[in-house]
Each structure stands twice: as structure tokens, then as C-alpha cells.
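Good morning. Please have the sequence and the model open in front of you, and I will go through a few parts of the fold.

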Amino acid sequence: MLFHLLRPAIFSLDSEKAHRLGVAALKASPLRASSQTGPGAIEIAGLQFPNPVGVAAGFDKDAEVPDQLLGLGFGFTEVGSITPRPQAGNPKPRLFRLVEDKAVINRMGFNNGGGAAALARLERRKDNPGIVGINIGANKDSEDRIADYAAMARMMTPLASYLAVNVSSPNTPGLRALQDEGALSALIDAVIEAREEAGADLPKLPPIFLKVAPDLMQDDIDAIARIALDKQLGALIVSNTTIARPALRSHHAGETGGLSGAPLRDLALQRVRDFRAATGGAIPLIGVGGIASAEHAWERIRAGASLVQLYSAMVYEGPGLGAHIARGIERLMQRDGFTRLEEAVGTE
């Protein structure tokens with residue numbers, strides 16, 4: 001209710017300034033993760049998620065507020081994307097609200113303060129409860145992007161609940177080429193090796209999740225599925241923003257960058273179905289893109305996703321959306337006769 005009262009004032013601000021204001025407000029908040037679990041709890045890749053609703057990468061790029069996001073009622077959060085060296089990202093303006101479409105276009109370009117700064121923040125909260133994934137990327141001007149991913153895996157392995165390998169952002173030129181079968185296989189091998197080196201003394205290594213684009217052909221989907229199965233990845237995150245442009249009403253429709261929010265929903269749902277079929281259900285899927293209600297999340301779960309993530313919908317519905325959706329999923333489980341969430345996955 002408070003967010004909807006404040007939304008006109010928030011929307012009067014530049015999108016990126018409004019986002020920074022939101023992060024600043026969370027930093028000042030005493031919110032922290034709860035140890036409570038409910039009927040929506042689920043185990044994925046050896047991790048116990050108290051509920052299936054998470055915050056997608058991009059909201060907390062520099063790992064400034066993971067505990068506060070968990071305190072809002074999310075079952076997990078994913079910080080980043082984080083690159084080895086700080087980078088400013090693309091020129092501003094680079095973040096646009098498409099209000100009429102309940103969508104967002106961004107061409108941020110992996111703007112972040114770099115691995116060392118994020119590492120220091122994550123070190124300070126390492127004994128806190130809650131699942132915090134770390135989304136890793138490569139610097140735009142890197143001469144060896146695979147080496148960048150390996151460096152980030154080596155750096156973040158001791159602090160990550162899971163490592164999310166992001167090769168699907170459309171805003172770093174050439175990055176999506178790493179989804180090619182040969183390049184992707186080499187990349188995952190490098191990340192696995194770096195994780196094992198960095199985690200030699202850990203009781204348990206963080207699983208590796210791979211974030212893919214929605215703009216894939218069937219051959220691409222099949223190739224990624226083969227690699228995910230062969231390398232025994234923990235999960236596939238399906239999907240990132242799209243470079244496609246369905247019919248949009250906003251005057252920002254022509255901006256370049258990745259489109260997220262409501263217009264992405266159908267495409268992202270179909271990609272969950274595609275990857276469910278391509279993997280035979282053997283790799284857990286995390287559904288992302290256009291989820292703004294419990295019904296949307298439930299549709300994604302029934303299509304094959306074990307977890308879901310939000311970001312753009314919070315721009316329009318506020319920070320309480322995650323907890324609201326988590327409670328709604330529990331009601332939908334009861335309505336449809338499921339006592340455990342994993343029973344519902346892929347049952348459409």
C-alpha cells in the first residue's frame with residue numbers, strides 16, 4: 001500500500017536514480033533473513049530454499065543489500081553481475097520504464113564496482129543465514145573473457161551459495177557468443193576448475209548455475225542442455241532479457257537493450273518448456289521473465305521450473321511482491337492438491 005502511494009513520486013525520478021534510492025533505503029533497513037520455512041520450501045542442487053521466489057541478478061549488482069532482500073521474504077537472492085575489475089557500464093541514460101507495457105529496457109553493460117569491493121561486502125555477511133547466489137561476468141574490454149569468469153569463480157567460491165555464470169546479457173558486445181557449444185563447454189570447464197581450486201578446503205562446493213538467453217533456436221537449446229547434463233550443472237536460469245521487440249505501446253519501445261517485464265512472459269515460459277523437454281527434467285530450472293503474480297509463478301513451476309526470480313515486476317508492484325507471491329504459491333499448492341512443491345514441478 002505504501003509503495004503504491006509513493007509510486008508517482010518514484011516514477012517522477014530518472015529510472016536509475018530511483019533504483020539507487022531504493023537500494024539506499026534498503027541499506028538503512030534493519031531487515032534480515034528469517035529462518036522460517038513453509039510448504040513452498042524446496043531443495044535444489046543441495047541447497048534448501050525456504051520458498052521458491054528469488055530476486056534476479058541486476059537488482060543488487062554490488063552485493064550491497066542481500067540480507068535486506070532476504071528480510072523482505074524472498075527465499076533467495078542473486079547479486080551481480082560482478083566482473084573482476086570495476087567498470088562504468090554503458091553511457092546514460094541506459095534504464096527505461098515502459099509504464100504502458102509494465103516493462104523495462106536496460107542497456108546497463110555490467111556496471112559494477114568490481115570483484116574486490118563486492119568480496120569485502122560478502123565477507124562481512126558470510127556468517128549470516130540465507131541463500132545468496134553470486135552472478136559472475138566478464139569485463140567488456142577483457143582480452144580473455146573465459147579467464148575473467150575463472151577469476152571470478154576462484155574469488156567468489158568461498159562465499160557463494162551458488163555461482164551463476166551469466167553469458168546471456170545482450171549489453172556486452174560478443175558475450176552471447178559464449179553460448180556457442182564449443183565456447184560454452186570451455187567456459188564451464190574453466191569455471192569448474194577454478195571452483196575446485198578455490199574450494200579445496202571447503203566442506204561443500206557451491207553448485208554452478210548457467211543463465212541463458214530467451215533468444216535461442218532449438219539447436220542452441222539442445223546444445224546447452226547437453227553441456228548442462230555433461231558438466232552436471234546445478235541449474236539453468238531461464239532466462240535473461242530479450243532483444244526481441246513484441247508490440248509495445250511505450251514511447252521508449254525503440255530503445256536498444258534487453259527487454260524485461262510483462263512482454264517477456266510468454267517467451268520466457270516457452271523457454272522453460274523447451275529446456276524441460278531438452279533436459280528430460282534432469283536439470284533443475286529457474287524461471288525468470290515477466291513473473292508478476294503467484295499465478296504467473298505457478299504457471300512457470302507447472303511448466304518445469306523449480307524456482308522463480310523477479311526484478312522488473314518490483315518496479316511496478318513494490319518490494320513486498322516476493323513475499324506476496326510466495327504466500328500465493330502456497331495457496332495454489334493447496335488448491336491443486338500438492339503437499340510439497342517438487343510434486344508440482346513440470347505437471348502442466
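Look at L285 in β12: its bridge partner in β13 is A305. This is a predicted model, so keep that in mind throughout. Strand β13 covers residues 305-310, and 4 bridges pair it with β12 in the parallel sense.

On which side of β12 do its residues point? L285 and G287 point one way, I286 and V288 point the other way, and all of them are buried.

β12 also pairs with β10, residues 235-238, again in the parallel sense, over 3 bridges. There, G287 in β12 stands opposite V238. Going one step further, β10 is joined by 4 bridges to β9, residues 208-212, and these two strands run parallel. In that pair, F209 stands opposite A235 in β10.

Now put the pairs together. The strands form a closed barrel of 8, in the order β3-β4-β7-β8-β9-β10-β12-β13, with parallel pairing. On average, neighbouring strands of this sheet are turned by 25° against each other, direction ignored. As a general reminder, strands of a sheet pair through backbone hydrogen bonds, either parallel or antiparallel.

One residue in the barrel strands is worth a stop. G80 sits in β4, which spans residues 76-82. Is G80 buried or exposed? Its relative accessible area is 0%, so G80 is buried. Leaving aside neighbours within four places in sequence, G80 is in contact with A57, G58, D60, K61 and N135. Its C-alpha atom is separated by 6.6 Å from that of I136, although the two residues are 56 residues apart along the chain.

Next, the helices. Helix α6 lies across β8 and β9, and runs at about 150° to β9. α6, residues 181-198, also has a helix partner, α5, residues 145-156: their axes come within 8 Å and cross at roughly 25°. Angles under 35 degrees count as roughly parallel, and α5 and α6 are therefore roughly parallel to each other. Their crossing is right-handed.

Which residues of α5 meet α6? They are I146, Y149, A150, A153 and R154. On the α6 side, the residues met are A183, A186, L187, A190, V191, A194, E197 and A198. By class, this contact has 11 nonpolar residues, 2 charged ones and no polar ones.

To finish, go back to β12 on your screen and find its two partners, β10 and β13.

Notes. Residues are numbered from 1 along each chain as its sequence is written. This is a predicted model: local features need pLDDT of at least 70, side-chain atom pairs count only at pLDDT 80 or more; totals for chains, interfaces and linings use all residues. Side-chain values use heavy atoms; hydrogens and water are left out. Axes are lines fitted to C-alpha atoms, for helices over the stretch in contact, and angles run from 0 to 180 degrees between N-to-C directions. Angles under 35 degrees count as roughly parallel, over 145 as roughly antiparallel, 65 to 115 as roughly perpendicular and the rest as oblique. A crossing is left-handed if the near helix is turned anticlockwise from the far one by less than a right angle, and right-handed if clockwise. Contact means heavy atoms within 4.5 Å. Ala, Val, Leu, Ile, Met, Phe, Trp, Tyr, Cys and Pro count as nonpolar, Asp, Glu, Lys and Arg as charged, and the others, Gly among them, as polar. Buried means under 20% relative accessible area, exposed over 50%, partly exposed in between (1.4 Å probe, protein chains only). Two strands pair if DSSP finds at least two bridges between them.
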